[in-house]
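Subject: Structure for you to look at, with notes

Dear colleague,

Here is the structure I promised to pass on, and below it you will find my notes on what turned up when I went through it. Please read them with the model open beside you.

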Amino acid sequence: MKNVKKKVFGAFAALSLGALVACGGADQEASSNGEAASGETKTLQVGITLAEDSHYYKGLEHFGELVEEKSDGELAIEIFPNGSLGGERDMVESLQVGSLDMVLSSTGPLGGFAPEINVVDLPFLFESREHAYKVLDGEIGQELLTNLEDQSLKGLAWWENGFRHVTNSERAIEKPEDLKGLKIRTMENNVHQDSFKALGADPTPMSFTELFTALQQGVVDGQENPVPIISTSRFYEVQDHLTLTGHFYSPAALLVSSQVFDGLTEDQQQALQEAAVEGAEYERELVAEMEEEMISGLKDEGMNVVEEVDKKAFQKATESVYDEYADQVGEDLIKKIQDAVNE
Ligand code: EAX
């Protein structure tokens, strides 16, 4: 029933986007001329794979208010949730050709566009949220976003997806060996796939948009995501066990198509940029709040939650992944990120 609803919503959203595009001629011309028509509101469409009650959606609603306020009503934001405009990789590609304005995407697919970004996906790299913020909001984070510019993608700010935890329908995961042989869906991200391989699992990359059905039909045994997603995407309906492994910190990049960004006035660009940075702060707080309250909600839904594991054991089991990626992302960069925890 739930899936049917999701599909219907997806079709509706796609339809209304079509209608918007069809009657949005004036707006489109304005942006392709590099001028924004005065007195008109330009609506930027932003796609996400997550649901309407997710941290992404709520954060973007607040971002929309900030954008309207800061641009004196010249810009507005319209959110398309539930992967109705495609998976994250599809949406990033749509940005490149200018057929979608914005996306809030985890780094899942981004290493495919700028390989250095893979560094943030290394297992157990960030010790805490604060460690991640220090790195992502500083020079390193800015450089990683700037690397995307060659790909016609303008990175506005780092938002948060959250620390990822593993769920499955077979058994409680208490130590790395418990993952042996389990088919775990990962994002379409090489570092993540190699990490789960190192743990002895059978990583199965797929788009988030296919994940609920894959879990429901037993195509995969488990998956890994932050608590707010496990809750708002209702994975507890199809997964019995959750272990708070926190194996990857998953940042989210708020991206805008370079074509679209270049078509804005300088004031509008500044409004969008400022709103993105303020929005990040708001959204990160939301993630922390949601994580805390949703763990007990997941227990109420009948999930068996393993809250404490020996993280060092998981860390040790995935150490080899650092050697595999040292050349690609640079050993220096890894070290700089690790050392930032003490700064
Ligand atoms: O960006 O695909 C995933 O598991 C991600 O966590 C999700 O799309 C949020």
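Asn168 stands opposite Gly222 of strand E7, and this pair belongs to the antiparallel pairing of strand E4 (residues 153-168) with E7, which extends over 4 bridges. Before going further I should say that this is a predicted model, and everything that follows should be read with that in mind.

Asn168 itself lies in strand E4, and with a relative accessibility of 1% it counts as buried, because the cut-off for that class is under 20%. Its side chain also has a polar partner, in that one of the polar atoms of the Asn168 side chain lies 2.6 Å from the backbone nitrogen of Glu170.

Strand E7 (residues 222-225) has a second neighbour in strand E5 (residues 183-186), which runs parallel to E7 and is joined to it by 2 bridges; in this pairing Arg185 stands opposite Gln223. In a regular strand the side chains alternate between the two faces of the sheet. In E7, Gly222 and Glu224 point one way while Gln223 and Asn225 point the other way, and all of them are buried.

Two of the residues just mentioned, Arg185 and Asn225, return in the surroundings of the ligand, where the residues are Thr49, Leu50, Tyr56, Glu88, Ser106, Asn161, Arg164, Arg185, Met187, Phe208, Asn225 and Ile229. By character, this shell divides into 5 nonpolar, 4 polar and 3 charged residues. Domain 1 (16-161 + 251-292) and domain 2 (165-248 + 294-342) both contribute residues to the shell, and the ligand therefore lies between them.

Which side chains come within polar reach of the ligand's oxygen atoms, Thr49, Tyr56 and Glu88 among them? For Glu88, an N or O atom of the side chain is 2.5 Å from an oxygen atom of the ligand. For Tyr56, a polar side-chain atom lies 2.8 Å from a ligand oxygen, and for Thr49 an N or O atom of the side chain is 2.9 Å from an oxygen atom of the ligand. As for cover, the ligand taken alone exposes 270 Å², and the protein buries 99% of that.

Ser106, another residue of the shell, brings us to strand E3, from which Met102, Leu104 and Ser106 point one way and Val103 and Ser105 the other way. The strand is mostly covered, with 5 of its 5 residues buried. E3 is joined by 2 bridges to strand E1 (residues 42-47), which runs parallel to it, and in that pairing Met102 is the bridge partner of Val46. E3 is also joined by 5 bridges to strand E8 (residues 241-257), this time in the antiparallel sense, with Leu254 of E8 as the bridge partner of Leu104.

Thr107 is placed in the loop between strand E3 (102-106) and helix H5 (129-136). Is this loop residue buried or exposed? Thr107 has a relative accessible area of 0%, and it is buried, because that value falls under 20%. Thr107 and Val119 are 12 residues apart in sequence, while their C-alpha atoms are 9.9 Å apart in space.

Strand E8 also holds Thr245, which at 3% relative accessibility counts as buried. The side chain of Thr245 reaches the backbone nitrogen of Val166 at 3.4 Å.

Finally, two loop residues deserve a look for their backbone angles. Asn82, in the loop between strand E2 (75-80) and helix H4 (88-97), has a phi near 60°, a positive value in a residue other than glycine. Arg234, in the loop between helix H9 (227-232) and E8, likewise has a positive phi of about 60° although it is not a glycine. As to accessibility, Asn82 counts as partly exposed at 22%, and Arg234 is partly exposed with a relative accessible area of 35%.

With best regards

Definitions and conventions. Residues are numbered from 1 along each chain as its sequence is written. This is a predicted model: local features need pLDDT of at least 70, side-chain atom pairs count only at pLDDT 80 or more; totals for chains, interfaces and linings use all residues. Side-chain values use heavy atoms; hydrogens and water are left out. A residue is near a molecule or strand if one of its heavy atoms lies within 4 Å of it. A polar contact is a pair of N or O atoms within 3.5 Å; within protein, one must be able to donate a hydrogen and the other to accept it, and residues adjacent in sequence count only if both atoms are side-chain atoms. Accessible areas come from the Shrake-Rupley method with a 1.4 Å probe; for residues, only the protein chains shown count as cover. Ala, Val, Leu, Ile, Met, Phe, Trp, Tyr, Cys and Pro count as nonpolar, Asp, Glu, Lys and Arg as charged, and the others, Gly among them, as polar. Domain bounds come from an automatic or database domain assignment. Buried means under 20% relative accessible area, exposed over 50%, partly exposed in between (1.4 Å probe, protein chains only). Two strands pair if DSSP finds at least two bridges between them.
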